[in-house]
Every structure is written in structure tokens, then in C-alpha cells.
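These are my notebook entries on a structure that I had not looked up before. I set down what I found, one topic at a time.

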Amino acid sequence: MTSSELWTRATADRYDAEETEMSSAAVLEPTLAFLAELAGDGRALEFAIGTGRVGVPLRERGVPVVGIELSEHMAAVLRRKIDEDTLPVAIGDMATTVVPGEFTLVYLVYNTITNLLSQDEQVECFRNAARHLAPGGRFVVELGVPPLRFLPPGQVAVPFDVSERHLGFDTFDLVQQILISHHFTHDGDDGRYRRGSSRHRYAWPAELDLMARIAGLELERRVADWDGAPFTQDSTKHISVWRKPT
């Protein structure tokens, strides 16, 4: 077991409803096209597959997909959408769980590597990806750039969503590289808000490159989004691709 926090049944059951925008065709189509091209004629392994937001449509696109998921509750929601024979899922953590066979693609999307709360665990995640990759295979990570430029002296929080339905902000422990995402979600018409929070270890692109080097992987490219926009100093996230040498 890693230090990742477990998703509860209640959180898993409402996850898809709260992520409708991220599940839209406008968001998913570039993601699926990017991953399918890298997978080619081989198999893909998704770390932290969750409810299958990406893995299920990628499988429907014709790419054989296998998943690893820490939360049995999240995997149960996925299983309502697709059967085990079509998309196998192993219950376990993405830093140490091993599934059979080799893959041309291992991928980890939507900031999920930050669920591993120590640098050592994140390094092991890269090693686990390399362990599963065939020579020439790729490891893809989607991750936000830590928004520390928005933290003037004395400020400890950065908002990331301010809307009628949801208020979200991150607080930071700059020494431990830990951020806590705080969520206030409007439920119903009675004016009440449901409060939730989750811990994450943020990491810089250069830090991930070093983790990849430790795992024997080489940076192939880094872009700002799934459409392939150039990554610049003003990019808020990156899609990074590391390759296992042949």
C-alpha cells in the first residue's frame, strides 16, 4: 500500500457526475487520439484507471487496455460500464502492482501521479512503468505545473475554480511539496455546500525527467496539451512522453 488516499464508495459513485466536462467529447477526443497513436498495434496500461473515463473509450477505439486501480469502489463503477474480459483491472497501487505481459504504452492522466505522496513512491511509479514497457514503448504523464507563481509572500492558497456550483482552492506546504485541494460543492437547492479535501505531492517537469532517468527512460517530447501545443514558461500543465530505449 502506498500513501495514496483511498476513494470511498460515496466519492466513487458521484465521480462521473462531477466530471462531466472532463468526460466530454471535446476533452476526450484529443486525449484518445494522442494515446491511440502511441499505443499503435500494441497494448496500453493505465495507472489509476479510476472509473474508466479514458480507459473505456480508448478500449472502444480498438486499443487493448489493462488497468491498475487502488480503489475497489472506483473499479466497481468502471465494471458497470465494461466487463473484465474486455478491460481487465488489477486492484493495487500504481507504484508496485505488476500485471502480466508487455505494453507499448503506459499512461497516467489528470494529475494522478500526485496521489503518491512521497518522492520515493513517485520514483517507483516510473520504475513500474518501465517494468511493464516493451523496448521502444512510451510512458505518458499528464500533470499540472505547480501554480506557485500565484503565491505572493504571506499567501497560502490559490483558487482553481470559482463557480456557482463549486469553489476550489489549493493550500501549499512548500517544504514537503504537498498541496491540499479543498472543494466546496453546492448540493441541491437548500444552499448547503459539501466540503471535501485531498492531499497531493506536486512535482516539477524537471523532477519527473530525473525520475524517468532513474527508471531508464528518456524524454521524447513535452507539450502543453493533448492537441500538441508547445510547452512554454506560461503553460499551466504538460503532457510528457518518455521512451524506453530499444
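**Salt bridges**

I looked up K237 and found that its side chain forms a salt bridge with E142, the closest N and O atoms being 2.7 Å apart. K237 lies in strand β11 and E142 in strand β5, so this pair ties together parts that are 95 residues apart in sequence. I noted that the model is a predicted one.

I then checked how covered the two partners are. K237 counts as partly exposed because its relative accessibility is 25%. E142, with a relative accessible area of 6%, is buried.

How many salt bridges does the count come to? I recorded nine. Another of them joins E220 and R138, at 2.9 Å from N to O. E220 belongs to strand β10 and R138 to strand β5, so the pair links parts 82 residues apart in sequence. I found E220 partly exposed, at 35% relative accessible area, and R138 partly exposed as well, at 22%.

I also entered the salt bridge between the side chains of R222 and D209, 2.6 Å from N to O. R222 is in strand β10 and D209 in helix α6, 13 residues apart. Is R222 buried or exposed? R222 is buried, with a relative accessible area of 18%, which falls under the 20% cut-off. D209 is partly exposed at 23%.

**The sheet of seven strands**

I next traced the sheet in which these strands take part. This open sheet has the order β3-β2-β1-β4-β5-β11-β10, and its pairing is mixed. I marked β3 (89–91) and β10 (218–223) as the edge strands, since each pairs on one side only. On average, neighbouring strands are turned by 20° against each other, direction ignored.

Strand β4 (residues 103–108) and strand β5 (residues 133–144) run parallel and are joined by five bridges. Within this pairing I found Y107 opposite V140 in β5. Helix α4 (residues 72–79) packs on the sheet, where it touches β2 (65–69) and β3, and its direction makes about 160° with that of β3. Helix α6 (residues 205–214) lies across β5, β10 and β11 (237–243), and runs at about 15° to β11.

**P245**

I located P245 in the segment after β11. Which residues is P245 in contact with, leaving aside neighbours within four places in sequence? I listed P135, G136, G216 and E218. I also noted that P245 and G137 are 108 residues apart in sequence but 7.9 Å apart in space, C-alpha to C-alpha. At 31% relative accessibility, P245 is partly exposed.

**Strand β7 and its partners**

I turned last to β7 (residues 166–173), the strand that holds L167. Strand β6 (residues 157–162) runs antiparallel to β7 and is joined to β7 by five bridges; a hairpin of three residues connects the two. On the other pairing, β7 and strand β8 (residues 178–186) are antiparallel over eight bridges. I followed F169 through both: its bridge partner is P159 on one hand and H182 in β8 on the other. Four residues separate β7 and β8 in their hairpin, where Q177 takes a positive phi near 55°.

Which side chains of β7 are buried? H166, G168, D170 and F172 point to one face and are buried, whereas L167, F169, T171 and D173 point to the other and are not. L167 is partly exposed at 34% relative accessibility, and together with V162 and Y193 makes a nonpolar surface patch of about 290 Å².

Methods
Residues numbered from 1 in each chain as written. Predicted model: local features only at pLDDT ≥ 70, side-chain atom pairs only at ≥ 80, totals over all residues. Heavy atoms only, no water. Patch = residues over 30% accessible without salt bridge, like charges linked within 9 Å, V, L, I, M, F, W, Y side chains within 5 Å. Areas by Shrake-Rupley, 256 points an atom, 1.4 Å probe, with all protein chains shown as cover. Salt bridge = Lys/Arg side-chain N within 4 Å of Asp/Glu carboxyl O. Buried < 20%, exposed > 50% of the residue type's maximum accessible area, 1.4 Å probe, protein only. Pairing = 2+ DSSP bridges. Axes fitted to C-alpha atoms, helices over the stretch in contact; angles between N-to-C directions. Contact = heavy atoms within 4.5 Å.
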